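Work through the exercises below with the model open beside you. Try each task before reading its solution.

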Amino acid sequence: MLNFGTATIDTISDLDRFALPIDLLFPGRKIETLEPHRADLAPYHVDFDAGEILLGVHSHLVRIGGRTILIDTCVGEHKPRPRRPDWDQRASSGYLERLARAGLRPEDIDIVMCTHLHTDHVGWNTQLVDGRWVPTFPNARYLIGRAEFDHWQARELESPGVHNHGCFNDSVLPIIEAGLADFVEDGFDIGGGLSLTALPGHTPGQLGLCLCHGTQQALFCADAVHSPVQVYQPEWASRFCSDPAMAVETRLKLYDRLADTGNLLIPAHLRHFSAMRIEGSGSGFVPGFVT
Ligand SMILES: [Zn+2]
């Protein structure tokens, strides 16, 4: 657990470790390019022998002012994801048990923030009960970006069920139908020093959360940064970014804004550490890991 001002931040893991061959995540990129940074990137973020980038699939839990905010809900259970074996029809993931160890039942979550609507960020939005997908967090308001929702809804109308492993139907629509969704935009004020900030490029409507305490900030940046690898290599866009050039631009703006401020960057897939600080180094950047 990380203390930040009057808030606490917990990482609730759903799947760790999640290994992707470097060419699958970063097309055309080579593991040898990262060799100069081996001491920082191994063993948690890069498996140099296997040529893999190592990610975790996590939620972040913010408690502030008596409220609980769960940021992103990972892969979930029992969902048909046949194109990704380690996501497909999962069971016994231990996710809700880890939430319980942090002192919370699903009923205790006040806000679920969906940074974007990719499969590995909305899975626990719902769970299977008596053959139906029902909201896992029945007392929460689920915040969903308006631009993000409109984008994926339009794609679903064009070709139903094929995008994002089908998660729109089993993990997003049931929340809308249950009346638990609030559509939000860049700048939305959640209260308690938390507000939303647009981070487009990975998806058209991706939103990050900025937690402010005085002059200090912690920025939950979702998939604007997948891995510390992209601190050394900001121009490495992932295969899963809808607009790679914009994703790079957004990432560089983040680094420029955060560099040498001491502020915290909290990517959704960061393993082992709670956060990173961004430090300027010559014309580039290096990560400073926060336990
Ligand atoms: Zn992701």
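**Exercise 1: a residue between two helices**

His165 is buried, with a relative accessible area of 17%; buried means under 20% relative accessible area, exposed over 50%, and partly exposed in between (1.4 Å probe, protein chains only). This is a predicted model, in which local features need pLDDT of at least 70, side-chain atom pairs count only at pLDDT 80 or more, and totals for chains, interfaces and linings use all residues. Residues are numbered from 1 along each chain as its sequence is written, and side-chain values use heavy atoms, with hydrogens and water left out.

Task: Find where His165 lies and describe its phi.

Solution.
- Step 1. His165 sits in the loop between H5 and H6. Helices (H or I, at least four residues) and strands (E, at least two) are DSSP runs, numbered from the N terminus.
- Step 2. The phi of His165 is positive, about 60°, although the residue is not a glycine.

**Exercise 2: another positive phi**

Task: Is Asp130 buried or exposed, and where is its place?

Solution.
- Step 1. Place Asp130 in the loop between S7 and S8.
- Step 2. Read its phi: positive, about 50°, and again the residue is not a glycine.
- Step 3. Check accessibility. Asp130 counts as exposed because its relative accessibility is 77%.

**Exercise 3: the zinc site**

Task: Name the protein donors of the zinc ion and explain why the arrangement is irregular.

Solution.
- Step 1. List the donors: Asp120 (OD), His121 (NE2), Asp223 (OD) and His269 (NE2), lying 2.1 to 2.4 Å from the zinc ion. Donors are N, O and S atoms within 2.8 Å of the metal (3.2 Å for Na, K and Ca); water is not among the atoms, so sites may look incomplete.
- Step 2. Follow the donors along the chain. Their spacing is D-H-x101-D-x45-H.
- Step 3. Locate two of them. Asp120 is in helix H4 (residues 119–122), while Asp223 is in the loop between strand S14 (216–222) and helix H7 (229–232); the pair is 103 residues apart and links distant parts of the chain.
- Step 4. Check burial. Asp120 counts as buried at 10% relative accessibility. Asp223 is buried too, with a relative accessible area of 3%.
- Step 5. Judge the geometry. The 4 donor atoms subtend angles of 86 to 164°, so the arrangement is irregular. Four donors count as tetrahedral if all angles lie between 85 and 135 degrees; four count as square planar and six as octahedral if opposite donors are over 155 degrees apart and all others between 65 and 115; anything else is irregular.

**Exercise 4: a strand and its partners**

Task: Which strands pair with S9, and why is S9 largely enclosed?

Solution.
- Step 1. Take strand S6 (residues 111–114). It pairs with S9 in the parallel sense over 4 bridges. Two strands pair if DSSP finds at least two bridges between them.
- Step 2. Find a facing pair here: Ile111 stands opposite Arg141 in S9.
- Step 3. Take strand S10 (residues 181–184). It runs parallel to S9, joined by 4 bridges. Tyr142 stands opposite Ala181 in S10.
- Step 4. Count burial in S9 (residues 141–145). 4 of its 5 residues are buried, so the rest of the structure largely encloses the strand.

**Exercise 5: cysteines without a bond**

Task: How many disulfides does the structure hold, and why is Cys167 not bonded to Cys114?

Solution.
- Step 1. The structure holds 0 disulfides; a disulfide is a pair of cysteine sulfur atoms within 2.5 Å.
- Step 2. Cys74 is in no disulfide, and the nearest cysteine sulfur, that of Cys114, is 11 Å away. Cys74 counts as buried, at 0% relative accessibility.
- Step 3. For Cys167, the closest cysteine sulfur is in Cys114, 9.9 Å away, which is too far for a bond. Cys167 is buried, with a relative accessible area of 1%.

**Exercise 6: a loop asparagine**

Task: What does the side chain of Asn263 reach?

Solution.
- Step 1. Asn263 lies in the loop between helix H8 (244–258) and strand S15 (264–267).
- Step 2. Asn263 counts as buried at 7% relative accessibility.
- Step 3. Its side chain reaches the backbone nitrogen of Gln217 at 2.9 Å. A polar contact is a pair of N or O atoms within 3.5 Å; within protein, one must be able to donate a hydrogen and the other to accept it, and residues adjacent in sequence count only if both atoms are side-chain atoms.
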